[in-house]
Amino acid sequence: MKTVELSIQGMTCAACSARIEKVLNKMDGVEATVNLPLETATIRVDDGITEDELIARIEKIGYGAERKAELTPKHDLRPLERKVLISALLSAPLLLVMITHIPGVTFQADWLMSPWWQFALATPVQFWIGAQFYKGAYKSLKSGAANMDVLVATGTSAAYFYSVFEMLAHPMHPSLYFETSAVLITLVLLGKWLEARAKEKTTDALKSLLSLQAKEAILLVDGVERSVAIDLVKSGDVIVVRPGEKVPVDGKIVEGETVIDESMLTGESIPSEKTVGADVVGGTINRSHRVLMVAERVGSETMLAQIVRVVEQAQTDKAPIQRQADRISGVFVPIVVAISALTFAVWTLGFNDLDMAIRASIAVLVIACPCALGLATPTSIMVGTGRAAEQGVLFKGGGQLESLNGVDIVVFDKTGTLTKGTPEVVATFGDAAFLKLAIMAERQSTHPLAEAIGRGEGSGQVERVEELAGRGLKAVVDGKPLRIGSVRMMQEAGFALPEWDMQAMTPVYVADESGIVAAFGLQDQLKERSRAVVQHLALTRQVYVLTGDRKEVAFDIARQLGIPETNVIAEVLPVEKADHVEALKRQGRVAMVGDGMNDAPALAVADVGIAFGSGTDVALEAADVTVMGQDIEGVNRAIEMSSLTMRNIRQNLFWALAYNSLGIPVAAAGLLAPWIAGAAMAFSSVSVVLNALRLKTQGGKST
């Protein structure tokens, strides 16, 4: 399947997005997700379905669609602002008429009482300013659905046309509702304008990420520097990066040394020292000296481009909690229309009060619009994932953000996750000659333990090396067959372990054909903040350590972290980690934290996989959650942001549902004037977006 992204025009509420999603998903080989705040559709389709077919299907039900731009563009709100202003000017005199209905309020404005003056003021508001509601209602009903436009058009039309009838049928003493229709349209438009302004801010994090991209690069060609647009940079180009400038693309330093501010990538404020051979990432800032770099990844391949893609994906993805709200929104409008009709019937037939029947039924139509319900979840997810990205935490989607909040168990890989990942040889045992041979063999491997051993002084000619995953390697050095590896490797070979004192060390044994002849003792130190992070998590969740290292080493790490030995799973091969995570899932929801490489199976099996990304060596799409850099505090930031966002969503859903649940019966009882219902409806949508925007200032506290 391929993924198609479209921009959608004409959606006004959650009923619209639900309708488009339903119609698209009825097509064979189509899985569609429609995002109301972003006005986008993310569609997974079989290769045989074209983009034009999808657009045609959307247009058939009355909405517009086109290929999505790199970033949903900022909307031009000026036309809407002009409409709101004109509508307000025309409705203001009618609002004075409405005020005269308040007991005890009197003032002389006889000309405003004229039906023809009210007709003249209300008509352009109803049919010019309000034309968008009629168009939207027509398209919605034509497609077999009902949305917010149907509610507004029905309610205001009832008030307007009844007033016209009264004006003509009873010219001396008409019952007029022109002010109701005009003020309602004005308030709904005002709410839409405020909502649109607030929604623009929900994508601020994404826009700020894009602004990090350099616009130009300085190429060095035959010793001559020349500035070119960033789009013209190719892999292999040599680029000059001066102090204070942004690194334009991903690559390696080939001349000079400097310090680079990588806070945009990792959230770490302390600049990193970079010398020849060091990786640098586009969008980071050179803080010190002029350097030369060679471009390796450009355009859509850069780390910044990957981050933007992941954040965009997270903002368009739906959390399970949102799908529940969408199901409610999809049936809400028809139910409201039925309640409004019932309200009208009860007041006319039961109480013989036509005046109250009109006002109450209109109030029900207007106050019950499901806009707030449709915005409650996606706006929070958009702001929450954007805020997390600013802190160096990337969520793959809304589902992962919701799942992380519900985890009961957090499982940490040890090496490189809890520890610095750079073990050192702290002791040696046995025959020194064999140790030197082993050092030469280990230099042929890229395993962290092998690299640590390989830094020693060795001697000998390596003739053959064979790596055994999770165990060690076999080698022939100076004609001597050697086994160099773990306790398991030695036990499988049937060799007895010497009684060397290697407590709290990771042993790497060296054996010839007769048995073990030497050993290296290695240690890997905890990261500075590992204990604080684990202790913070342990307050609310179970924390486990999962490692291939020896039990003695793992237990020592557990003691330093302050977790019980019963929560240590040691001497596990990489391929076995997934089985242990699967077993832990029987106790509750599990988050696995690893380096994203040899932990990949365990990360995939866990309910939520959290991987560390060094900035250039990890495919960000591989993990549910990616913590940029190697800062273990990012795990707590991810969980905290998940918790804050889900709490924000629940607040939004509670108020949206409570608002409708309380508002409808109050309106049906005739206790709510239609214009107040319109103001309340507009306020409910704006309040949901504003509450979501609070997330922009939350999260990021250290443990």
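How many helices and strands are there in the chain? This predicted model has 24 helices and 26 strands, and the legends below visit a few of its corners.

**Figure 1. The whole chain, before we zoom in.** Taken along the principal axes, the C-alpha atoms fill a box of roughly 115 × 65 × 50 Å. Of the 703 residues in the chain, 54% are buried. If you look at contacts with a separation of 6 or more, 67% of them join residues 24 or more positions apart.

**Figure 2. Two segments that UniProt annotates as transmembrane regions.** An unreviewed UniProt entry places the feature "transmembrane region" at several stretches, among them residues 176-194 and 328-350. Over residues 176-194 the chain is 89% helix and 0% strand, with the end C-alpha atoms 29 Å apart. Over residues 328-350 the chain is 100% helix and 0% strand, and here the end C-alpha atoms are 30 Å apart.

**Figure 3. Helix H12 and its surroundings.** Helix H12 covers residues 354-367, and a quick check on its length is easy to follow: at 1.5 Å a residue, its 14 residues should span 20 Å, which agrees with the 20 Å between its end C-alpha atoms. At the N-terminal end, Asp353 acts as a cap, with a side-chain oxygen 3.4 Å from the backbone nitrogen of Asp355. Is H12 largely enclosed or largely open? Because 11 of its 14 residues are buried, H12 is largely enclosed by the rest of the structure. The buried residues include Met356, Ala357, Ile358 and Ala360. Helices H6 (148-169), H7 (178-200), H11 (320-350), H23 (633-668) and H24 (674-693) are what the buried residues of H12 pack against.

**Figure 4. Helices H12 and H24 side by side.** Two packed helices are described by the angle between their axes and the distance between the axes. For H12 and H24, the axes come within 8 Å and cross at roughly 5°. Angles under 35 degrees count as roughly parallel, so H12 is roughly parallel to H24. On the H12 side, Arg359, Ile362, Ala363, Val366 and Ile367 make the contact; on the H24 side, look for Pro674, Ala677, Gly678, Ala680 and Met681.

**Figure 5. Gln118 in helix H4.** You will find Gln118 in helix H4, which runs over residues 115-129. Gln118 counts as buried because its relative accessibility is 4%, and buried means under 20%. Not counting residues up to four places away in sequence, Gln118 touches Leu94, Val97, Leu112, Met113, Leu176, Phe178 and Glu179.

**Figure 6. Asn35 in strand S2.** Asn35 sits in strand S2 (residues 30-35). With 2% relative accessibility, Asn35 counts as buried. Leaving aside its neighbours within four places in sequence, Asn35 is in contact with Met11, Thr40, Gln315, Thr316, Pro378 and Met382. Thr422 lies 387 residues from Asn35 along the chain, and their C-alpha atoms are separated by 44 Å.

**Figure 7. Glu571 in a loop.** The loop between strand S23 (568-569) and helix H21 (574-584) is home to Glu571. Glu571 is partly exposed, with a relative accessible area of 36%. Apart from residues up to four places away in sequence, Glu571 touches Arg488, Thr547, Gly548, Asp549, Arg550, Lys551 and Glu576. Follow the side chain of Glu571 and you will see that it reaches the backbone nitrogen of Lys551 at 3.4 Å. Met303 is 268 residues from Glu571 along the chain, and the C-alpha atoms of the two are separated by 35 Å.

Technical notes. Residues numbered from 1 in each chain as written. Predicted model: local features only at pLDDT ≥ 70, side-chain atom pairs only at ≥ 80, totals over all residues. Heavy atoms only, no water. UniProt positions renumbered as here; feature names shortened; annotations may be inferred. Helix = DSSP H or I, 4+ residues; strand = E, 2+ residues; numbered from the N terminus. Expected span 1.5 Å × (residues − 1). Buried < 20%, exposed > 50% of the residue type's maximum accessible area, 1.4 Å probe, protein only. Contact = heavy atoms within 4.5 Å. Polar contact = N/O pair within 3.5 Å; in protein donor to acceptor, adjacent residues only side chain to side chain. Axes fitted to C-alpha atoms, helices over the stretch in contact; angles between N-to-C directions. Parallel < 35°, antiparallel > 145°, perpendicular 65-115°, else oblique.
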